[in-house]
Amino acid sequence: GLLWQLRPSDVEVELLAHTRDVVSRELPAETGLHAGWVQNGGLFIASNQQRLDEYKRLMSLGKVYGVESYVLSPSQTKDLYPLMNINDLYGTLYVPKDGTMDPAGTCSTLARAATARGAMIIENCPVTGIQVRADDFGVKRVYAVETAHGTIQTPCVVNCAGVWARALGRLAGVHVPLVAMHHAYVVTERIEGIQNMPNVRDHDASVYLRLQGDALSVGGYESNPIFWEEVSEKFAFGLFDLDWDVFTQHIEGAINRVPVLEKTGIKSTVCGPESFTADHKPLMGEAPEVRGFFLGCGFNSAGMMLGGGCGRELAHWIIHGRPEKDMYGYDIRQVTPAALTALSLLFRRFHHSLTNNNRWIRERSHESYAKNYSVELLRQGCVFQERHGWERPGWFSPGGAAPVLDYDYYGAYGQERHRDYAYNRLLGDEYTFDFPPHHDIIKTECLTCRNALALFDMSYFGKFYLVGPEATKAANWLFTADMGKAPGTS
């Protein structure tokens, strides 16, 4: 139920602002009920200069959107949060109007508001099938939903099934690229002096500390999360046993940040299923395989704070054919409906060959999970970039070969972690807000392209044939060059 108002993306800041407005103002005003909102503020911890630079940028973005925030010195942080260890701090980002939502309270209040507006909520009614029919043009469309209690004819289905979204998608012939993992937090015993303290996110320790009355909830993102290999259809509102061998790293990070935790007991543990995606972004919009089948899943443990804004955009998407905001990064097709051109189709978020590639989904989702809090932006020393699962040359290191090895899962699951990995070091040099070391190398390559000769491998691009009497006119509208010239001319 954490809600941080500042994210690196301006669209996400707007989505979070809508969620906050709904739970803190709109729902209580409409229903007369408390929606579970607690405004206790939020603190982002910077234990290195790069992280502090990132927070200064976030503060600048916040000013544009009217989000009150301050970069605090270590001593100012100590005044605000007396129980915090500041010995390794460079500073913090404080957002006074961040807070938390009680998921049960928020959801029950939303249900009350929805039913008052005419919605019908039917529980314990499992979906057993989704009927899909081809229209007169051969386009597949949703026709009906089959349940254990009868069939509902409808042209629209929204898949908000979380870790079960893949199974629900299969019923309609839709590939949903996400994986299920165990995701956990623990609740401490009472801590004297913790009352009214802000929530804490220590990115470099990959841990968060959420205020829960007079105690703390502690969680984060491990390098070795447990995959839920066989997602059970009968698992509902249940929990897994917590694996302390996996979770202990969060305890160590939490104790370093709030030392009193070392002498504080654990009151309860919560370990449940959560869905994660290859790029750590939600899956939204209409599926490319079936018209009328919409996705609202894969929220990567941020469903509560993104749910309000994303729900509003998804509703607009369904009714009007497009969202109001630029949801390009979340769109399962990653093609803006307003720009369905051959050019835009080249840049789909997930190539169709990847959406059902279990190895790719698993490895990339794990990497996104393990590096969630990271600061990020072959034979001849090539450093690659990735697009649609294809690797393409980014730049060439003058230091010679730096081969790409198989994914090592950061040493988890019995995998041996790569040692002295040259390619990984080259990638690590890019994690800076300053010019990376290879800036001048790329400058030289650009000048070579301009003044000499270069060959570009564009295999990863899609290929489209423009045919018809106005093909040349369309091509000249799409591209900057004059496409009306004879073949072989420049």
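A residue is called buried when its relative accessible area is under 20%, exposed when that area is over 50%, and partly exposed in between. On that scale arginine 141, with a relative accessible area of 36%, is partly exposed. The model described here is a predicted one, and the sections below take up its annotated span, one helix, its salt bridges and a patch on its surface.

**Annotated span**

The UniProt record, in an unreviewed entry, lists residues 11-317 as "domain: FAD dependent oxidoreductase". In the model this span is 31% helix and 29% strand, and the C-alpha atoms at its two ends lie 16 Å apart.

**Helix H6**

Helix H6 comprises 14 residues, 244-257, and the distance from its first C-alpha to its last is 19 Å, which is close to the 20 Å expected at 1.5 Å a residue. Val246, Phe247, His250, Gly253, Ala254 and Arg257 are the buried residues named in this helix. They lie on the same side of H6, because the arc they cover around the axis is only 105°. Asp245 and Glu252, by contrast, are exposed on the other side of the helix. The spacing of such positions follows from helical geometry: an α-helix has 3.6 residues a turn, so residues three or four places apart point the same way.

**Salt bridges**

Side chains of opposite charge can pair when their charged atoms come close. Across the whole structure, a search finds 20 salt bridges, and three of them are set out here with the distance between the closest N and O atoms.

| Acidic residue | Basic residue | N to O distance |
|---|---|---|
| Glutamate 12 | Arginine 7 | 3.0 Å |
| Aspartate 135 | Arginine 141 | 2.8 Å |
| Glutamate 363 | Arginine 359 | 3.0 Å |

The surroundings of these pairs can be described from the accessibility of each partner. Glutamate 12 counts as buried because its relative accessibility is 10%, and arginine 7, at 18%, likewise counts as buried. In the second pair, aspartate 135 has a relative accessible area of 22% and is therefore partly exposed, as is arginine 141 at 36%. The third pair joins a buried residue, glutamate 363, whose relative accessibility is 18%, to an exposed one, arginine 359, whose relative accessible area is 54%. Glutamate 363 and arginine 359 both belong to helix H8 (residues 358-370), and because they are 4 residues apart there, about one helical turn separates them. Elsewhere, Asp21, Arg25 and Glu26 are linked to one another in a network of salt bridges.

**A buried strand residue and a distant position in sequence**

Isoleucine 130 is part of strand E7, which runs over residues 127-134. With a relative accessible area of 8%, isoleucine 130 is buried. Its C-alpha atom is 9.8 Å from that of phenylalanine 293, although isoleucine 130 and phenylalanine 293 are 163 residues apart in sequence.

**Nonpolar surface patch**

Val158, Ile318 and Ile319 together make a nonpolar surface patch of about 240 Å². Valine 158 sits in strand E10, which covers residues 157-159. Valine 158 has a relative accessibility of 33% and so counts as partly exposed; this value satisfies the patch criterion, which asks for over 30% relative accessible area and no salt bridge.

Methods
Residues are numbered from 1 along each chain as its sequence is written. This is a predicted model: local features need pLDDT of at least 70, side-chain atom pairs count only at pLDDT 80 or more; totals for chains, interfaces and linings use all residues. Side-chain values use heavy atoms; hydrogens and water are left out. Patches are made of residues with over 30% relative accessible area and no salt bridge: like charges are joined within 9 Å, nonpolar side chains (Val, Leu, Ile, Met, Phe, Trp, Tyr) within 5 Å. Accessible areas come from the Shrake-Rupley method with a 1.4 Å probe; for residues, only the protein chains shown count as cover. A salt bridge is a side-chain nitrogen of Lys or Arg within 4 Å of a carboxyl oxygen of Asp or Glu. Buried means under 20% relative accessible area, exposed over 50%, partly exposed in between (1.4 Å probe, protein chains only). UniProt positions are given in the numbering used here, feature names are shortened, and annotations may be inferred rather than shown by experiment. The expected span of a helix is 1.5 Å times one less than its number of residues. The arc is that of the directions from the helix axis to the C-beta atoms.
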